[in-house]
Amino acid sequence: MNKSQLVAALANAENLTIKAAEEVVNTFFREMEKSLTSGARIEVRGLGSFKIKQYDSYKGRNPKTGKIIRVDGKRLPFFKVGRDLKERVDNRE
C-alpha cells in the first residue's frame, strides 16, 4: 500500500473527501517526523515503535576505485515491529 492508497482507504472507510483524508494522513506523517527529529520515540500499540538510531562513523571502501574512505556517522529512523502485528502477520491460517 502506498500513500495515495492509504488516503483512498481512509476516505472510503470514514466517508471523507479525498482532500480531507489526505490532510489527515499528511498531518499524521508530519507529526511523526517532528517527534522523531526532536529525538522522541513513537509507539503505536498493536503496530510497533519508531525511534532514531545513532550510527558511528566508519571506514568504508569505494567499490569503483577500491580507495578507503571515511563514512560519517548518521542518525536514521528505525522501526521495530510490535508483537501483536508480528503474530497477526505470521498467522497463516
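This tour proceeds through the structure stop by stop, naming what to select and what is found there.

The model is predicted, so local features are described only at pLDDT of at least 70 and side-chain atom pairs only at pLDDT 80 or more, while totals for chains, interfaces and linings use all residues. Residues are numbered from 1 along each chain as its sequence is written, and side-chain values use heavy atoms, with hydrogens and water left out.

**Stop one: helix α1 and the loop after it**

Select residues 3–14, which form helix α1. Helices (H or I, at least four residues) and strands (E, at least two) are DSSP runs, numbered from the N terminus. The expected span of a helix is 1.5 Å times one less than its number of residues. For the 12 residues of α1 this gives 16 Å, and the end C-alpha atoms are 16 Å apart, in agreement.

Next, select N15, which follows α1 and is found in the loop between α1 and α2. Most residues other than glycine have a negative phi. N15 is not a glycine, yet its phi is positive, at about 55°. With 73% relative accessibility, N15 counts as exposed; the term exposed means over 50% relative accessible area, buried means under 20%, and partly exposed lies in between (1.4 Å probe, protein chains only).

**Stop two: helix α2**

Select residues 18–37, helix α2. A21 is found in this helix and is buried, with a relative accessible area of 0%. Measuring in the viewer from A21 to E31 should give a C-alpha separation of 16 Å for residues 10 apart in sequence.

Remain at E31 and add K34 to the selection. Their side chains meet in a salt bridge (3.2 Å, N to O), a term for a side-chain nitrogen of Lys or Arg within 4 Å of a carboxyl oxygen of Asp or Glu. The two residues lie three residues apart in α2, about one turn of the helix. E31 is partly exposed at 39% relative accessible area, and K34 is likewise partly exposed at 48%.

Then select L36, which also lies in helix α2. L36 counts as buried, at 11% relative accessibility. Display I52 as well: its C-alpha atom is separated by 6.5 Å from that of L36, although their positions lie 16 residues apart along the chain.

**Stop three: the aromatic pairs**

The whole structure holds two aromatic pairs. Rings of Phe, Tyr and Trp (its six-membered ring) pair if their centres lie within 6.5 Å; planes under 30 degrees apart count as stacked, over 60 as edge-to-face and the rest as tilted.

Select F28 and F29: their ring centres are 5.8 Å apart and their planes stand at 55°, so the pair is tilted. F28 is partly exposed at 46% relative accessibility, and F29 is partly exposed at 36%.

Now select F50 and F79, a tilted pair with 4.8 Å from centre to centre and 50° between the planes. Because F50 lies in strand β2 and F79 in strand β5, this pair ties together parts that are 29 residues apart in sequence. F79 is partly exposed, with a relative accessible area of 35%.

**Stop four: further salt bridges**

How many salt bridges does a search of the whole structure find? The search finds five. Select R70 and D72, whose side chains meet in one of them at 2.6 Å, N to O. R70 counts as exposed, at 59% relative accessibility.

Move to R41 and E43, joined by a salt bridge of 3.2 Å, N to O. R41 is exposed, with a relative accessible area of 52%, whereas E43 is partly exposed at 42%. Adding R45 to the selection completes one network, in which salt bridges that share partners join R41, E43 and R45.

**Stop five: the largest pocket**

E43 also leads to the last stop. A pocket, found on a 1 Å grid over the protein atoms alone with a 1.4 Å probe, is an open set of points with protein on both sides within 12 Å along at least five of seven lines; lining residues have an atom within 4 Å of a point. The largest pocket contains about 220 Å³ of space, where volume is the space filled by probe spheres set on the points. Select E43, G46, G48, G82 and R83, which are the closest to its centre of the 13 lining residues.

Which elements each supply at least two residues of the lining? They are β1 (42–44), β2 (48–55), β5 (74–81) and α3 (83–90).
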